[in-house]
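Thank you all for coming. Today I would like to walk through one model with you, beginning at its ligand and then moving on to its charged pairs and the chain as a whole.

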Amino acid sequence: MILKDEINRRRTFAIISHPDAGKTTLTEKLLLYGGAIQTAGSVKGKATAKHAVSDWMELEKQRGISITSSVMQFEYDGYCINILDTPGHQDFSEDTYRTLMAADSVVMVIDAAKGIEPQTRKLFKVTAMRHIPIFTFINKLDREARDPFELLDQLEKEFGIGTYPVNWPIGCGADFKGVFDRDKRQILTFNEFHRGQDRLSAIECDITDTKKLDELIGEYSRRDLVDQIELLDGASFDFDIDKVQNGTLTPVFFGSALTNFGVEPFLENFLKMTTSPLARNTKQGEVTPDSESFSAFVFKIQANMNKAHRDRMTFMRICSGKFERDKEYHHIQGKKNLRLSQPQQLMADSRQIVNEAYAGDIIGVFDPGIFSIGDTVCDIKHKVEFEGIPTFAPEHFAVIEHKDSLKRKQFVKGVEQIAQEGAIQIFHEPNTGMERVIVGVVGVLQFEVLEHRLKNEYNVEVIRSNMPYQFIRWIGNDDIDVARLNLTSDTKWVQDFKGNNLLIFTSEWNINWALEKNEGLILEDFSKN
Ligand code: G4P
């Protein structure tokens with residue numbers, strides 16, 4: 001197959017949801033359709049994301065599992081699909097933000113009884129920044145659910161996007177009768193007999209065929225459905241593929257992942273409506289996926305899969321061209337040519353060495369500690385540098401010091417390496433060294449993970465003093481004398497290790513104060529590099 005065809009058949013997307021909305025269940029059902037797994041219950045690793053601190057230590061032993069579930073590739077109907085799984089636990093949401101940078105579209109799973117939840121809100125914000133297609137799967141229709149019009153209204157109002165229901169639910173919970181496919185004008189019925197079955201056949205039935213509809217879903221549900229479809233056809237957004245592709249219109253699907261209802265129609269429509277690998281921006285201009293020259297960027301680093309060797313696996317999203325196993329590439333930030341060691345591709349529950357991979361694919365390589373999040377690897381002759389992955393604002397801060405001053409070297413190494421992986425962010429007060437490091441995290445669980453890893457992997461015990469700060473802003477002005485800014489006494493000036501100036505605040509009130517009292521001050525809530 002020629003390069004262009006290989007790339008065009010690729011679909012790379014991330015699934016996001018608030019914990020418990022059904023992301024893992026939906027992923028699993030998609031993999032079943034693709035034949036990538038044989039039985040339900042094979043998608044593991046969710047536990048790492050889901051459980052609290054005490055469990056984490058134990059689960060850390062099984063870290064390999066969460067890696068295999070983090071990227072999954074399978075074939076379906078001629079498409080080559082890469083699903084990027086994202087941890088549901090909010091404490092690891094930074095990992096999720098970065099994963100979104102590697103996706104070309106996003107599937108948002110929403111619990112029909114709960115509607116939009118806090119984590120969905122946060123993740124949507126990041127997705128919207130990228131203007132990529134976003135699909136909505138409203139799940140758990142087999143349970144009591146909120147009114148579907150209300151759910152659409154919430155999506156439109158809160159997210160400021162249009163919605164296009166591809167299908168429409170007929171009742172919910174005990175009265176759930178199935179869905180009506182608006183385009184095909186067919187009904188897919190749901191009943192006890194079908195529960196858990198893999199494939200359902202839609203029954204063609206025109207909305208005006210009262211007799212047949214009554215047989216299928218009963219008179220009561222038929223009346224409701226006819227009224228609702230009339231309303232929907234008259235008032236809802238028109239389908240517009242351009243709007244879907246730029247992320248301003250979300251196709252909405254109703255279903256029940258657990259009972260495998262509505263999953264296959266979702267997959268089929270999704271594959272048609274979503275996009276093949278998208279072009280990406282580099283400092284040298286746009287790189288198109290079908291360019292002959294290979295390029296990729298690092299979006300995830302998973303450390304110490306084998307404690308004895310302190311090894312790390314780095315995940316790269318291929319953005320253009322074809323990757324070949326034995327070829328030499330260039331690592332821009334390391335300023336070195338290299339051969340990627342043991343490149344692997346992950347197929348649901350197994351891993352295999354890859355000889356070639358294409359734009360849209362994700363490869364994992366063993367990393368002796370040379371890569372950082374956002375790094376570029378590219379063709380030796382056609383060097384490009386991707387714009388980097390934004391660093392998102394941490395919300396919890398603590399000062400970390402080593403207990404034993406003889407362990408300073410290991411401490412510095414450990415903290416730096418863990419920060420390089422993107423598991424924590426590190427800052428320091430201007431003009432101070434690495435004795436006292438200010439650590440910023442998105443979720444407090446990351447502090448526990450840091451302490452545990454420093455002890456186990458670097459043999460360093462630390463003292464942690466939590467700080468009262470909750471907000472961080474990067475100073476956007478290039479030439480500014482930070483020391484002379486008029487700030488409240490509980491606002492702190494820190495620097496990241498790239499030398500960028502930041503302010504940390506205890507409240508939004510203090511942020512407003514800084515903006516009001518310092519004309520022209522630019523405060524940004526994520527760093528662009
Ligand atoms: P997550 O990855 O988004 O956190 O959600 P996950 O798939 O783990 O699903 C959370 C819970 O919701 C699970 O139940 C799962 O079985 C259930 N669930 C998912 N989809 C549906 C659905 O369509 N209908 C219904 N009724 N339930 C659904 P659990 O009891 O927490 O876990 P488990 O013991 O079933 O694994």
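**Around the ligand**

Let me begin with a backbone contact: an oxygen atom of the ligand has a backbone N or O atom of D20 at a distance of 2.7 Å. Please keep in mind throughout that this is a predicted model, and that the distances I quote are computed from it. K23 makes a contact of this kind as well, with a backbone N or O atom lying 2.8 Å from an oxygen atom of the ligand, and for L258 a polar backbone atom is 3.1 Å from a ligand oxygen. The ligand taken alone would expose 700 Å², and 71% of that area is buried by the protein.

Which elements give two or more residues to the shell around the ligand? They are α2, which spans residues 23-33, and α3, which spans 46-50, and of the elements it is α2 that gives the most, with three residues. The ligand is surrounded by 18 residues, and the closest of them are D20, K23, T24, T25 and D142. By character, the residues of that shell divide into seven charged, seven polar and four nonpolar.

**Salt bridges**

Moving to the charged side chains, I would note that the structure holds 25 salt bridges, of which I will go through a few. In one of them the side chains of E6 and R10 meet, with N to O at 2.6 Å, and both E6 and R10 are buried. These two residues also belong to something wider, since a network of salt bridges links E6 and R10 with R9, E75 and D361.

A further bridge joins R453 to E421, where the closest N and O atoms are 2.9 Å apart. Because R453 sits in helix α14, residues 445-458, while E421 sits in the loop between α13 (408-420) and β26 (425-428), this pair ties together parts that are 32 residues apart in sequence. Are these two partners buried or exposed? With buried meaning under 20% relative accessible area, R453 counts as buried at 4% relative accessibility, and E421 counts as buried at 5%.

Helix α14 takes part in another bridge, this time through E451, whose closest contact with R464, N to O, is 2.5 Å. Here R464 lies in strand β28, residues 462-467, and E451 in helix α14, so that the pair links distant parts of the chain, 13 residues apart. Neither partner falls in the buried class: R464 is partly exposed, with a relative accessible area of 27%, and E451 is partly exposed too, with 24%.

**The chain as a whole**

Stepping back, how many helices and strands does the chain have? There are 15 helices and 33 strands. The chain contains 529 residues, and buried residues make up 56% of them. If we take the contacts in the chain between residues at least 6 apart in sequence, 72% of these join residues at least 24 apart. Finally, the area that the chain exposes is about 23000 Å², and carbon and sulfur atoms supply 46% of it.

To close, I would ask you to look again at two places in the model: the ligand, with the protein burying 71% of its area, and helix α14, which holds R453 as well as E451.

Notes: Residues numbered from 1 in each chain as written. Predicted model: local features only at pLDDT ≥ 70, side-chain atom pairs only at ≥ 80, totals over all residues. Heavy atoms only, no water. Near = heavy atom within 4 Å. Polar contact = N/O pair within 3.5 Å; in protein donor to acceptor, adjacent residues only side chain to side chain. Areas by Shrake-Rupley, 256 points an atom, 1.4 Å probe, with all protein chains shown as cover. Helix = DSSP H or I, 4+ residues; strand = E, 2+ residues; numbered from the N terminus. Nonpolar A, V, L, I, M, F, W, Y, C, P; charged D, E, K, R; others polar. Salt bridge = Lys/Arg side-chain N within 4 Å of Asp/Glu carboxyl O. Buried < 20%, exposed > 50% of the residue type's maximum accessible area, 1.4 Å probe, protein only. Contact = heavy atoms within 4.5 Å.
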